[in-house]
Amino acid sequence: MGPEPISHPATDGDEATRLLDHLDDVAGRAESVVSADATTIGGDPLPEMTGVVARCHDVGKATTWFQAYVVGERDASDRTNHSLLGAYLGYYVLDRLGYDSEDCLAALVALAKHHGRLPDVEEYVDGVSRFENTSEASNERQRILIEQVGNVDDHRRQFAQSFVADATDGNGSWGEFAQSIEDESLFDTVHEHVSLFGFGSDRSAPSEEFYGLLLQLWSGLVFADKTVAAGIENDDLDGSEPDARLLSEYIADLGSDTDEDGQAAALDTLRGEARDDVLGGVERFRDSEASIATLTLPTGMGKTLTGLSAALALRDEGERVVYALPFTSVIDQVADELADVFDTDARDDLLTIHHHLAETVTKLGDPDEDPDEYARLAEMVAESWRSGMTLTTFVQLFESLVGPSNSQSMKLPALYDSVIVLDEPQALPMQWWKLVRRIATILTEEYDATVVAMTATQPRATDEETASQALFDDAFELVDDVDRYFGHFERVEYDVHDSLLAFDDTDATVDYEAAGRTILDETGRSESTLAICNTIDSATALTDAIEDREAVVDVGRCLELELEDGADVDALVERVESALGSNERALVHLSTRLRPRDRLALIEATKRLTERDVPLVAVSTQLIEAGVDISFDRVYRDIAPIDSVVQAAGRCNRSFESDLGTVTVWWLAPPAGTTTTPAQAVYDSEGVSTISLTARTLDAIGADDGTVAEQTMTRDAVEHYYGLVADRNPGDPEYVEWVDEANADALGDLSLIGQRESVDVVVCRTDGDRELADAMVAALDEFDYDAFGDYREAAKDITVSLPIYSQDSTEAETVRNLEPLGDADLRVLRRARGTSYFDATKGLAVDEPCVDDRFL
């Protein structure tokens, strides 16, 4: 009957891996990463079912075709594909063990796709279970499967007989399975099963739990298979426990140097009371039946550390904490704070930082033995979120739950029994709200996770009729008396500009020359001022208007002079201060057209300059609103949803540096060359005009006299605004239907940040940057794609993602004239200085490129 089959060839002196050993190892790991309390649709223990499924996943490798391929004696072909055989065998084994039919069907799909991504289930299963497909490719898969089963029966019958007898506890046999494939009866059974997928109100399948079960089976199998095959040990998959005492000590030390009689001391006392209040709420939350909590406190109350305190209090031993934010621009600030609290470099099994700009690794073993392999495994473990804490983005979290790729699925087993903190959840696109509620149900019911939604502008509805349309209905508030804390905060007053009071009259908008003049005239030369715009073009136009009217020291251009020395922020701040004349102010421009490395340096420099009372004007897009701990004397905000207006105000007089700060809300005009105001372009695109709801809200709270008190805005206006939002029942119901119908392929096409064409540009500003670009080119020339991937990873913080709005845009013209780097979606600008593609202040693609630039 031939030698015993193997799953992986011999490498580096090690023997080949026996197929049975691989199946047992994967089954053991898959079973271990599933929560012991999780159950299947039929009510059976999920760990046991997951172990059965994993034990079947690679049985198709027993064919002589695959055995020849695995030792290099033949090329890959349709007959070496093994997933579908394992899928049908898994269905058969589970059926003979008495599992619910939906459990069997979910297992079939998970097994069939353990090397790919999940499909739209009904269409996929229909295609692989009947022989009358219009697609010959689908029919061919069934015919090849019949051949593969026959091949195993001819050459590995003893292996197969023993395997199936053991897997079914004697309730089935290889002979029966092989016969059901040969006579096509098992195909008929599966096809009859999937034909029950009627998606009307009287449907009999799938149940609401189907997609959640499919995610769990598939992700557990993918994770176990990949980590076992990679040789990762069990000990490398267990995160370290975060110590809540270290966090408490850190918080206590923060206020130790504060003047006991000052405003800062009073604020620290209030923060301490709020933290104690929240921790008391945690205990009440534990005793409730709720799985989702809200944490509502004003900006400046230290929500990051308070929310983390709540998460650590909620977790039990061995459970993980996932802290998710809406924007990558604020993650590094939070990461630095967590690194200080827990004395970690965020590259260990205590803390992982995971977003598209981060180098996501978890240190394993000795990197000197095989550096390349070490790097690959360190990245695999980190992206599986096995550390005790993971700091990440909404994109990484929700897109991995909605329609994950194969690699994205690796993190899902880490979510069992976890505590998930959502910082500023109202930033989620309204089109996703229904879907997020549905996914939250999967998290809390299938993964037994706990969710904490934390913000100053909680998106809830107070009207019982519309409460179910809030982002999270029936959530438990951890703060016992929210109004008490907001009542202590009168740091700002809102100045509602005449342009806003005349909303819908586009003639009332403020042009950029007038806006720049107003900002400079209304703010003193000793003040710090922030102006937040809704688009990059708008921020650029306002920056130009200020620069044209005022003698300024451009912080971005000062940064350019510091880059070769490593862009030390202290040196940058000293350069700016020494360059300032008696009648000059510093000017900072912030947007995503700046390289991430430069943007972070500018944000930190801005923070230090404001702390030193350096006169400064910062013009930024919305990236500065959430989580950036900078306080300005005066803030101007283009009209936006109420929550964004309140978030912007959180950058003004943040720690009571003055008696009362002023936040002006106005309506900026379209930039030159456009016809739509930036507010309309950004906030009228999701079917709900949120800026019109802002205007209606301001009218409802009596803003027509021009000023609004802080508590009126943060409580009354926010409540009224979200009531209007709930009336419109936000969220696309089709997305929820896709979850209910297990249309994973359709879900996988969704994106939290929108689907638009974009090209990544590596922007070189130093010799070191250019050496990195040269190394990328050399790796491509040598077909060393692993090295190229490493270099591309290293270049993330000097890479700008440039959206292509149209083929005749400045952005498209820039891309066409830059050097390709490996593929169509990556370019390199080798010498940013002196070209019209790049400006030290405003970043990439700021002007029409000239002919000379094409050769640089």
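## Exercises on strand β13 and Thr63

Strand β12 (residues 552-554) runs parallel to β13, and three bridges pair the two. Strands here are DSSP runs of E with at least two residues, helices are runs of H or I with at least four, and both are numbered from the N terminus; two strands pair if DSSP finds at least two bridges between them.

Welcome! This is a predicted model, where local features need pLDDT of at least 70, side-chain atom pairs count only at pLDDT 80 or more, and totals for chains, interfaces and linings use all residues. Residues are numbered from 1 along each chain as its sequence is written, and side-chain values use heavy atoms, leaving out hydrogens and water.

**Exercise 1.** Find the partners of β13 and describe its two faces.

*Solution.*
- Start with β12: its Val552 stands opposite Arg585 in β13.
- Turn to β14 (residues 616-620), which is parallel to β13 and joined to it by five bridges. Here Leu590 stands opposite Ser620.
- In a regular strand the side chains alternate between the two faces of the sheet.
- Now check each face: Arg585, Leu587 and His589 on one side, and Ala586, Val588 and Leu590 on the other, are all buried (under 20% relative accessible area; exposed is over 50%, partly exposed in between; 1.4 Å probe, protein chains only).

**Exercise 2.** Locate Thr63 and decide whether it is buried or exposed.

*Solution.*
- Look in the loop between α2 (46-56) and α3 (64-70).
- Thr63 counts as buried because its relative accessibility is 0%.
- Beyond its neighbours within four places in sequence, Thr63 is in contact with Arg79, Gln148, Asn151 and Val152 (heavy atoms within 4.5 Å).
- Finally, a polar atom of the Thr63 side chain lies 3.1 Å from the backbone nitrogen of Phe66.

Methods:
Polar contact = N/O pair within 3.5 Å; in protein donor to acceptor, adjacent residues only side chain to side chain.
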